[in-house]
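I sat down with this one to look up the chains, the contact and a few residues that caught my eye. These are my notes in the order I made them.

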Amino acid sequence: MLLLGDMMEKKKYEEIVNKHKPTETRGQNAFIAFVTGGIIGVIGQVLTECYASWFDISSKDASTFMLVTLIFLASLFTALGFFDKWVTFCKCGLIIPITGFAHSMTSAGIEYKKEGPIFGLGSNIFKLAGSVILYGVVSAWFFGILRLIIMGG
Amino acid sequence: MIYINSFLFCGLICLIGQVILDNTKLSAGHITAIFVVVGSFLDTFSIYDQIINHVGAGALVPITSFGHSLIHGALAKASDMGFMGIMMGMFDLTASGITAAIVFTFIFTLFFKARN
């Protein structure tokens with residue numbers, strides 16, 4: 001009887017914990033992702049305008065410079081080791097922007113480096129980023145043909 | 001104003017990603033792949049171009065712009081070359097990003113070690 005009561009207590013306790021814990025962290029996670037993602041967007045906009053005025057180029061070229069800068073920073077910070085902590089804290093706030101693409105490549109590269117230059121680094125560098133390229137290219141090819149057929153270019 | 005738009009749009013995309021990540025069994029890899037497909041789908045009928053006009057770099061930073069750039073380059077080439085142009089121009093606009101990621105990754109992996 002005591003054991004049953006104990007189990008009931010435990011079940012009730014777990015129910016209460018499950019009811020309260022995930023929703024709170026979910027909301028928090030979503031908020032952090034929103035803020036960090038937004039900050040990266042603003043950094044991108046600021047960099048684009050800075051490059052456009054410094055180098056006297058169009059904003060379209062400046063946005064390419066901006067993307068390369070973000071990729072460089074994400075790659076460097078991943079190699080230095082503290083970007084992983086940021087990603088575990090911000091999650092999608094850093095994974096969805098282009099920084100996540102660079103992070104996945106550099107972290108895969110550093111992790112598999114010890115297995116050699118060909119079968120380690122070479123074949124694993126796109127381990128995580130490969131899905132982005134594969135599905136991006138396939139969908140772009142498919143939708144491109146669709147648009148050519150429907151709208152004629 | 002464009003800064004606020006950038007913040008809101010890029011934040012919103014990340015928020016959607018985080019909500020999907022927390023509430024479904026999909027991993028981060030699934031979500032980035034889905035977002036790239038969504039980006040290329042939105043650009044099929046030039047919707048993403050309109051978004052970029054309004055929010056600036058906020059729309060270029062998320063991974064959705066990768067899909068957008070892929071199909072944008074492909075369609076630009078396809079207007080000259082027809083169906084073969086889709087394959088010829090696919091990486092025209094994303095080349096800088098992919099090349100930068102590969103080169104920087106290679107350089108940094110030469111100098112840094114894994115730390116566990």
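My entries below go from the whole model to the chains, then to the contact, one helix and some single residues.

**Entry 1: what kind of model**

I note at the outset that this is a predicted model. I looked up the overall scores and found ipTM 0.93 and pTM 0.88. For chain B I also pulled the confidence per residue: the mean pLDDT is 91, and 98% of the residues in chain B reach 70 or more.

**Entry 2: chain A**

I counted elements in chain A and got seven helices and zero strands. Along the sequence that reads α-α-α-α-α-α-α. The radius of gyration of chain A comes out at 23 Å, well over the 15 Å that the globule rule gives for 153 residues, so chain A is more spread out than a compact globule. I then took the box along the principal axes, and the C-alpha atoms of chain A fill roughly 80 × 40 × 40 Å.

Burial next: 41% of the 153 residues in chain A are buried. I also checked contacts in chain A between residues at least 6 apart in sequence, and 50% of them join residues at least 24 apart.

**Entry 3: chain B**

Chain B also gave me seven helices and zero strands, read in order as α-α-α-α-α-α-α. Its C-alpha trace spans about 50 × 35 × 35 Å along the principal axes. Of the 116 residues in chain B, 53% count as buried. For contacts in chain B with a separation of 6 or more, I find that 57% come from residues 24 or more positions apart.

**Entry 4: the contact between the chains**

How many residues does each chain put into the contact? I get 61 residues from chain A and 55 residues from chain B. On the chain A side, the elements giving two or more residues are α1 (2-54), α2 (59-80), α4, α5 (98-112) and α7 (130-151). The largest share of that side, 15 residues, comes from α1(A). I sorted the chain A side by type too, and it divides into 35 nonpolar, 21 polar and five charged residues.

**Entry 5: helix α7 of chain B**

I picked α7(B), residues 95-111, for a closer look. The helix has 17 residues and reaches 24 Å from its first C-alpha to its last, close to the 24 Å expected at 1.5 Å a residue.

Which residues of α7(B) are buried? My list has G97(B), A100(B), A101(B), F104(B), T105(B), F108(B) and T109(B). Looking down the axis of α7(B), I see these buried residues fall within an arc of 145°, so they line one face of the helix. What covers them includes α2, α5 and α6 (117-124) of chain A.

**Entry 6: T105(B)**

I stayed on α7 of chain B for T105(B). T105(B) is buried because it has 27 other C-beta atoms within 10 Å, where 20 or more is the cut-off. Leaving out residues up to four places away in sequence, T105(B) touches S75(A), M105(A), T106(A), G109(A) and I125(A). I also took one distance within chain B: T105(B) and G67(B) are 38 residues apart in sequence and 21 Å apart in space, C-alpha to C-alpha.

**Entry 7: G89(B)**

Then I went to the loop between α6 (83-88) and α7 of chain B, where G89(B) sits. Is G89(B) buried or exposed? It is buried, with 23 other C-beta atoms within 10 Å. Setting aside neighbours within four places in sequence, I find G89(B) in contact with G73(B), A74(B), A76(B), K77(B) and A78(B). The C-alpha atoms of G89(B) and I71(B) are 8.5 Å apart, with their positions 18 residues apart along the chain.

**Entry 8: positive phi outside glycine**

Last, I looked up two backbone angles. K91(A) is not a glycine, yet its phi is positive, near 50°. K91(A) lies in the loop between α3 (83-90) and α4 (92-95) of chain A, and it is buried, with 22 other C-beta atoms within 10 Å.

S46(B), also not a glycine, has a positive phi of about 60°. I find S46(B) in the loop between α2 (28-44) and α3 (47-55) of chain B. With 13 C-beta neighbours inside 10 Å, S46(B) counts as partly exposed.

Definitions and conventions
Residues are numbered from 1 along each chain as its sequence is written. Chains are lettered from A and ligands numbered from 1 in the order in which they are written. This is a predicted model: local features need pLDDT of at least 70, side-chain atom pairs count only at pLDDT 80 or more; totals for chains, interfaces and linings use all residues. Helices (H or I, at least four residues) and strands (E, at least two) are DSSP runs, numbered from the N terminus. A residue is buried if 20 or more other C-beta atoms lie within 10 Å of its own, exposed if 12 or fewer, and partly exposed in between; C-beta atoms are placed from the backbone. The radius of gyration is taken over C-alpha atoms; the globule rule is 2.2 Å times the number of residues to the power 0.38. Two residues are in contact if their C-beta atoms, placed from the backbone, lie within 7 Å. Ala, Val, Leu, Ile, Met, Phe, Trp, Tyr, Cys and Pro count as nonpolar, Asp, Glu, Lys and Arg as charged, and the others, Gly among them, as polar. The expected span of a helix is 1.5 Å times one less than its number of residues. The arc is that of the directions from the helix axis to the C-beta atoms. pLDDT is the predictor's confidence in each residue, from 0 to 100.
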